[in-house]
Amino acid sequence: MRITSKPWKIFIYLCLILLAVISIFPFYWLAVTSTLTSADVMRFPPVLTPGSMFAENVKSLVTTIRFGTSMLNTVFVAGTVTVSVAFFSSLAGFLFAKFKFPGKKILFGIVLLTMMIPTQMSMVPLFIIMNKLQWASTFKALIVPGMVNAFGIFWIRQYAEGAIHDDLLNAARIDGCGTFRLYTRIAFPMLLPAVSFLALFTFMNTWNDYLWPLIIISKPEKYTIQVALSQLNGAYYGINYGMIMAGTLLATLPLIIVFLIFSRHFMENISAGAIKD
């Protein structure tokens with residue numbers, strides 16, 4: 001039987017629909033439980049239809065933690081880190097891919113070596129450095145260490161080697177373009193698909209980061225959303241699951257919005273690049 005036959009197409013579509021349902025169900029369950037009481041969340045069989053407690057759960061949430069402040073803090077930190085990584089990593093990756101300079105291989109080897117060091121191993125020395133600089137419990141401690149990363153440099157370098165032709169750069173040099181102008185006018189537009197992915201990846205990782213903000217931030221007014229939500233577990237004698245789920249749902253919505261925006265831009269640029277000569 002051919003793969004293009006009608007029964008096979010129906011089977012493939014059914015499998016895709018099943019996978020889509022499995023993927024979407026956790027988000028649906030999160031939305032449903034955010035509208036229930038703790039007693040309803042623990043019921044068996046589980047309640048699969050929305051309740052009427054969402055407003056009450058949100059009210060309990062904003063009175064228990066500084067939810068709005070924590071969201072704004074996270075937007076600021078994640079947005080700043082994302083823009084910084086997109087700029088510095090794409091610039092460094094472009095230079096490593098298309099320029100020759102002394103020590104290039106050694107420097108790039110050092111960049112790759114830093115990727116092999118577990119993040120947890122760097123937290124103690126990083127914490128000491130932040131204390132020495134008196135940056136503890138400040139946004140600088142959350143932003144500066146993440147302004148450029150080895151993965152971003154490696155990713156852009158690999159992409160730039162195949163996406164940017166040397167003849168195009170040589171022609172731009174003949175027209176009088178300097179190094180930075182080559183990056184802004186020639187390289188960056190051609191690197192947009194890779195930069196879009198890197199920006200999306202960085203934003204989601206920074207938004208979801210929990211351990212480092214928990215270690216370095218001690219002031220509640222500087223909490224990021226993940227740290228603020230973790231405080232809900234000890235806010236009551238019993239755990240208010242509906243309130244926790246409501247907070248988790250509201251904290252997840254910006255990620256979904258950013259993903260939809262960047263993924264569309266990423267796919268549009270991939271499609272455009274596929275049809276270029």
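**Exercise 1. Fold pattern and overall spread**

Work out which pattern of helices and strands the chain follows along its sequence, and how its radius of gyration sits against the globule rule.

*Solution.*
Step 1: Read along the sequence, this predicted model goes α-α-α-α-α-α-α-α-α-α-α-α-α-α. Counting elements gives 14 helices and zero strands.
Step 2: Now the spread. The radius of gyration comes out at 24 Å, while the globule rule gives 19 Å for 277 residues, so the chain is more spread out than a compact globule.
Step 3: For the outline, take the principal axes: the C-alpha atoms fill a box of roughly 70 × 70 × 30 Å.
Step 4: Check the contacts too. Among those with a separation of 6 or more, 73% link residues 24 or more positions apart.
Step 5: Finish with the surface. Of the 277 residues, 35% are buried. The chain exposes about 16800 Å², and 70% of that is supplied by carbon and sulfur atoms.

**Exercise 2. Helix α6 and what follows**

Find how far α6 reaches from its first C-alpha to its last, where α6 bends, and which residue with a positive phi follows α6.

*Solution.*
Step 1: α6 covers residues 119-132, which is 14 residues. Its first-to-last C-alpha reach is 20 Å, close to the 20 Å expected at 1.5 Å a residue.
Step 2: Look along the axis next. At proline 125, α6 bends by about 30 degrees.
Step 3: After α6 comes glutamine 134, with a positive phi near 60 degrees. This residue is not a glycine, and it is found in the loop between α6 and α7 (139-143).
Step 4: Serine 137 is found in the loop between α6 and α7 as well. Its phi is also positive, near 60 degrees, in a residue other than glycine.
Step 5: Is each of these two buried or exposed? Exposed means over 50% relative accessible area, so glutamine 134 counts as exposed at 69%. Buried means under 20%, so serine 137 counts as buried at 6%.

**Exercise 3. Two buried residues of α4**

Take threonine 82 and lysine 98, and work out what each side chain's polar atom lies close to in the backbone.

*Solution.*
Step 1: Place them. Threonine 82 is found in helix α4 (residues 67-98), and lysine 98 is found in α4 too.
Step 2: Check burial. Threonine 82 has a relative accessible area of 8%, so it is buried. Lysine 98 is at 15%, so it is buried as well.
Step 3: List the neighbours, leaving out residues up to four places away in sequence. Threonine 82 is in contact with Ala199, Thr202 and Phe203. Lysine 98 touches Ala160, Glu161, Ile164, Asp166, Leu169 and Arg173.
Step 4: Pick out the polar pairs. A polar atom of the threonine 82 side chain lies 3.4 Å from the backbone nitrogen of phenylalanine 203. For lysine 98, a polar side-chain atom lies 2.7 Å from the backbone oxygen of isoleucine 164.
Step 5: Both partners also turn up in the contact lists: Phe203 for threonine 82, and Ile164 for lysine 98.

**Exercise 4. Sequence distance against space**

Using C-alpha atoms, find how many residues and how many Å separate leucine 249 from leucine 30, lysine 98 from methionine 245, and glutamate 56 from serine 34.

*Solution.*
Step 1: Start with leucine 249, found in helix α14 (residues 241-274). Leucine 249 and leucine 30 are 219 residues apart in sequence, yet 6.5 Å apart in space.
Step 2: See what surrounds it. Not counting residues up to four places away, leucine 249 touches Leu30, Ala31, Ser34 and Phe54. Its relative accessible area is 17%, so leucine 249 is buried.
Step 3: Lysine 98 and methionine 245 are 147 residues apart along the chain, and their C-alpha atoms are separated by 48 Å.
Step 4: Glutamate 56 lies in helix α3. Glutamate 56 and serine 34 are 22 residues apart along the chain, with 9.9 Å between their C-alpha atoms. At 40% relative accessible area, glutamate 56 is partly exposed.

**Exercise 5. A cis peptide bond**

Find which residues a cis peptide bond joins and which loop proline 45 lies in.

*Solution.*
Step 1: Check omega. It is about 0 degrees for the bond joining phenylalanine 44 and proline 45, a cis peptide bond.
Step 2: Locate it. Proline 45 lies in the loop between α2 (38-41) and α3 (54-64).

Technical notes:
Residues are numbered from 1 along each chain as its sequence is written. This is a predicted model: local features need pLDDT of at least 70, side-chain atom pairs count only at pLDDT 80 or more; totals for chains, interfaces and linings use all residues. Side-chain values use heavy atoms; hydrogens and water are left out. Helices (H or I, at least four residues) and strands (E, at least two) are DSSP runs, numbered from the N terminus. Buried means under 20% relative accessible area, exposed over 50%, partly exposed in between (1.4 Å probe, protein chains only). A polar contact is a pair of N or O atoms within 3.5 Å; within protein, one must be able to donate a hydrogen and the other to accept it, and residues adjacent in sequence count only if both atoms are side-chain atoms. Contact means heavy atoms within 4.5 Å. The expected span of a helix is 1.5 Å times one less than its number of residues. The bend at a residue is the angle between axes fitted to the seven residues ending there and the seven starting there. The radius of gyration is taken over C-alpha atoms; the globule rule is 2.2 Å times the number of residues to the power 0.38. Accessible areas come from the Shrake-Rupley method with a 1.4 Å probe; for residues, only the protein chains shown count as cover.
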